[in-house]
Amino acid sequence: MSVQLILYPQNYNGTYSFTSTPVLNQYVADGNFNTGINNATSTSNSFPSNYALLNSVAISAWRSFRSTGGTYSSVTAPSITSAGLNLYSNASSFSSSGVYQLISNLTSGACYELKITVTGTAGTLTLGNTKQNTWIVDGTLYKNLGGSWTSLGTPTGTLTHTFTAGASQEVLVLDYKNLDGSTIVISSVSITECPATATLVY
């Protein structure tokens, strides 16, 4: 006895379709904060993140900064625990603390998506160096992600930001400002190509 296999089309006009989802690259080193902070900068400069970026150049690992007085009040240095990256704030006046990292192998003109998973209830998380969008260290030009800084708002939940790269290397800067003594915990940071799906019809 023979068996005949009959395949029926998925619709009535003789075509079928499927959706292909591309594999996305990850551009953030140690996005889950497993290996610690490479170097910490403490400063009373009016722009703590800018001072750190000029004096402890961004590399492909996390570096941190914190204010110690002046325009921004003194605050505990960022730390890493099993829950993730902890960014602290002064209890009575605005402080600034954060981390930064060089993001490499970007394609100029391409779209990228930044995702930050964070637990917090107050304050503002800023993306980028607010003093200047580009800066030079030892003859090398550095720039903010997408060429400019932006406020990500209250640091809670999953924060998503898309940007278009203007160079193959740009700098990710996260700057937490607050004045109520609270702490935010960032459990993950990722940068991938902007998601896209293509539906193929045959």
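The protein comprises one helix and 15 strands in a model that is predicted. Of its 202 residues, 41% are buried. Among the contacts with a separation of 6 or more, 77% are accounted for by residues 24 or more positions apart. The protein exposes about 10300 Å², and carbon and sulfur atoms supply 50% of that area.

In soluble globular proteins, nonpolar side chains tend to be buried together. In this model, the largest nonpolar core contains 27 residues. The members that touch the most others are Ile 116, Leu 125, Leu 172, Leu 174, Ile 186, Val 189 and Ile 191. At least two residues of this core come from each of β5 (84-87), β6 (95-103), β7 (111-119), β8 (124-127), β12 (157-164), β13 (170-178) and β14 (184-193). A second, separate core consists of eleven residues, including Ala 52, Trp 135, Val 171 and Val 173.

The surroundings of Ile 191 were examined with residues up to four places away in sequence left out of the count. On this basis, Ile 191 touches Asn 25, Gln 26, Tyr 27 and Val 28, as well as Ile 103, Tyr 112, Glu 113, Leu 114, Leu 145, Phe 163 and Leu 172. Three of these contacts, Tyr 27, Tyr 112 and Phe 163, are linked by ring pairs into a cluster.

A search of the whole structure finds four aromatic pairs. One of them joins Tyr 27 and Tyr 112 in an edge-to-face arrangement, with 5.3 Å from centre to centre and 85 degrees between the planes. This pair links distant parts of the chain, as its two residues are 85 residues apart. Tyr 27 lies in the loop between β1 (17-20) and β2 (39-43), whereas Tyr 112 belongs to strand β7. Both tyrosines count as buried because their relative accessible areas, 15% for Tyr 27 and 1% for Tyr 112, fall under the 20% limit.

Strand β7 also contributes to a covalent link. A disulfide is a covalent bond between the sulfur atoms of two cysteines. The structure holds one disulfide, formed by Cys 111 and Cys 194 with their sulfur atoms 1.8 Å apart. The torsion about the S-S bond is about -65 degrees, so the disulfide is left-handed. Like the tyrosine pair, the cysteine pair links distant parts of the chain: Cys 111 is in strand β7, and Cys 194 is in the loop between β14 and β15 (198-201), 83 residues apart. With a relative accessibility of 36%, Cys 111 counts as partly exposed, whereas Tyr 112 in the same strand is buried.

Strand β8, which supplies at least two residues of the largest nonpolar core, pairs with two other strands, β13 and β11. Four bridges join β8 to β13, and the two strands run antiparallel; within this pairing, Thr 126 has Asp 175 of β13 as its bridge partner. Strand β11 (residues 150-151) is likewise antiparallel to β8 and is joined to β8 by two bridges. In this second pairing, Leu 127 stands opposite Thr 150 of β11.

Helix α1 spans residues 48-55 and includes Asn 50. Asn 50 has a relative accessibility of 7% and therefore counts as buried. When residues up to four places away in sequence are not counted, Asn 50 touches Asn 129, Lys 131 and Gln 132.

How values were computed. Residues numbered from 1 in each chain as written. Predicted model: local features only at pLDDT ≥ 70, side-chain atom pairs only at ≥ 80, totals over all residues. Heavy atoms only, no water. Core = buried A, V, L, I, M, F, W, Y, C linked by side-chain atoms within 4.5 Å. Buried < 20%, exposed > 50% of the residue type's maximum accessible area, 1.4 Å probe, protein only. Contact = heavy atoms within 4.5 Å. Phe/Tyr/Trp six-rings, centres within 6.5 Å; stacked < 30°, edge-to-face > 60°. Pairing = 2+ DSSP bridges. Areas by Shrake-Rupley, 256 points an atom, 1.4 Å probe, with all protein chains shown as cover. Disulfide = S-S within 2.5 Å.
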